[in-house]
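I opened this notebook to record what I looked up, element by element and ring by ring. The entries below follow the order in which I went through the model.

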Amino acid sequence: MATIYTSDSLRNIFQSSFNLTQWYSFSQHFFNASELKEKPERIIENTSDEGYYLGNINTTDSYRIGLFHYNIRQGSVANKRVGLRNLVKSFINPTWGEFDAALVVFDSGDHWRLSFICDINGEATSPKRYTFVLGDKGSHYNTPVARFIDLQQKGLSFTNIKEAFSVEALSKDFYNKLYNWYLWALSEDINVTFPNNPNTEKDDRENINVKLIRMITRLLFVWFIKQKGLVPDSIFNPKQLKSILVDFDETSHIDGNYYNAILQNLFFATLNCAIIDEEGNPRCFAASKSGRDTRNLYRYKEMFQQKEEEILTLFAHVPFLNGGLFECLDKPKDLYLNQEYDIFYDGFSRNATKSSNGNFKYRAFVPNILFFTLIPQHYNLTLFISS
């Protein structure tokens with residue numbers, strides 16, 4: 001009976017240091033290896049790196065894929081890509097090579113790189129575009145785990161294996177999901193609102209597509225700096241958020257405390273505000289400073305369980321990015337000539353007054369469910385059509 005790998009078991013393999021015994025077992029039970037050498041066969045080459053032939057896979061569509069393992073002696077494979085492909089190119093030459101492709105582990109001790117390499121019909125797969133860097137306890141394994149679960153379900157054809165490693169396939173999948181999420185956020189089911197002109201209820205969803213695209217752009221940038229460890233993981237973890245926010249419910253359609261308390265404060269009071277300003281003042285809450293123009297100061301203290309000092313500590317190590325993306329676009333009337341009323345394009349406001357239609361008059365509303373729940377099936381449209 002074939003072994004079924006779960007997301008947790010795959011994640012455990014990918015987070016662990018490379019283990020040859022474990023990889024033999026995985027090659028046999030996941031890839032159904034046609035041959036596994038009882039003892040790895042040393043490849044004699046003019047290089048300091050140790051190479052071994054482990055066996056091979058016969059795919060369901062009759063391709064032959066060689067299994068290789070290389071101990072990389074100089075540099076970390078986490079940063080090294082150039083030259084790795086050359087170590088196995090003689091085995092996958094499209095004219096006289098022994099294999100149609102190679103599945104190769106490059107191990108430098110600190111990390112290991114799992115690469116799919118082939119050169120069929122002149123389509124050479126580079127280690128940059130067909131590879132996963134593995135072997136640490138980080139949280140960045142959602143993509144390889146999802147790809148291998150998908151591969152397990154689809155079957156081990158050559159096309160499926162290649163697609164599992166393909167950056168292009170990953171990009172299509174990512175943009176499809178992002179577009180479907182945008183459609184869901186745009187829908188009246190979710191009912192995202194921004195005040196715009198607080199004197200009328202008629203424009204709460206005016207230019208909502210523009211507002212959502214701006215929010216997505218900000219979120220994508222946050223995701224990139226999160227991967228660098230510059231934003232705390234706790235503010236994205238529902239379990240930890242339950243001890244940070246008051247009555248936090250990640251499935252709520254009617255509560256938007258995550259967007260207001262966490263994301264707006266991250267955007268406008270953290271990433272758009274120096275840790276220490278030119279006058280020597282640290283980041284603080286709006287209530288702690290006088291003046292109308294408080295668009296880069298923290299608010300929504302009542303939505304947090306912690307004291308003010310603990311909230312500030314939560315965001316303390318997030319850097320200041322002075323690029324304009326995180327500038328709050330709300331415009332107080334007394335700061336702009338010929339402007340008769342306040343304008344709340346971002347809706348970053350302490351004023352929780354609601355209009356007669358139930359929408360916030362001054363504050364943006366984005367429900368929690370949008371950030372923590374799977375997209376409903378009827379919003380899963382296809383943006384890209386495979387050729």
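**Helix contacts**

I began with two helices and listed the residues that touch: Met-215, Arg-218, Leu-219, Val-222 and Ile-225 in H6 meet Tyr-259, Leu-263, Leu-266, Phe-267, Phe-268 and Leu-271 in H8. I note here that the model is a predicted one. I then looked up the geometry of the packing, and found that helix H6, residues 208-227, and helix H8, residues 257-271, cross at an angle of about 75° with their axes 12 Å apart. Since angles from 65 to 115 degrees count as roughly perpendicular, I entered H6 as roughly perpendicular to H8.

**Strand E3 and its partners**

Next I turned to strand E3, residues 64-71, where I found seven of the eight residues buried. On one side I looked at strand E2, residues 50-58, which pairs with E3 in the antiparallel sense over eight bridges, and in this pairing I noted Glu-50 opposite Asn-71 of E3. I also recorded that E2 and E3 form a hairpin with five residues between them, and that Ser-62 in the turn has a positive phi of about 70°.

I then checked the pairing of E3 with strand E4, residues 101-107, which is in the parallel sense and runs over seven bridges. Here I found Ile-65 standing opposite Ala-101 in E4.

**Aromatic pairs**

For the rings, I obtained a count of 39 aromatic pairs. I looked at Trp-23 and Trp-112 in detail: their ring centres are 5.7 Å apart and their planes stand at 75°, so I entered the pair as edge-to-face. This pair links distant parts of the chain, with Trp-23 in helix H2 (residues 20-29) and Trp-112 in strand E5 (residues 112-120), 89 residues apart. Buried or exposed, I asked of Trp-23? Its relative accessible area is 3%, and because the cut-off for buried is under 20%, I entered Trp-23 as buried; Trp-112, with a relative accessible area of 1%, is buried too.

I added a second edge-to-face pair, Phe-30 with Phe-31, for which I noted 5.0 Å from centre to centre and 75° between the planes. Both Phe-30 and Phe-31 are buried.

**Charges over rings**

Finally I looked for charged groups placed over aromatic faces. I found the charged end of Arg-299 over the ring of Phe-348, at 3.9 Å from its centre, and I recorded Lys-354 over the face of Phe-360, 4.9 Å from the ring centre.

Terms used. Residues numbered from 1 in each chain as written. Predicted model: local features only at pLDDT ≥ 70, side-chain atom pairs only at ≥ 80, totals over all residues. Heavy atoms only, no water. Buried < 20%, exposed > 50% of the residue type's maximum accessible area, 1.4 Å probe, protein only. Helix = DSSP H or I, 4+ residues; strand = E, 2+ residues; numbered from the N terminus. Pairing = 2+ DSSP bridges. Phe/Tyr/Trp six-rings, centres within 6.5 Å; stacked < 30°, edge-to-face > 60°. Lys NZ or Arg CZ within 6 Å of the ring centre and 35° of its normal. Axes fitted to C-alpha atoms, helices over the stretch in contact; angles between N-to-C directions. Parallel < 35°, antiparallel > 145°, perpendicular 65-115°, else oblique. Contact = heavy atoms within 4.5 Å.
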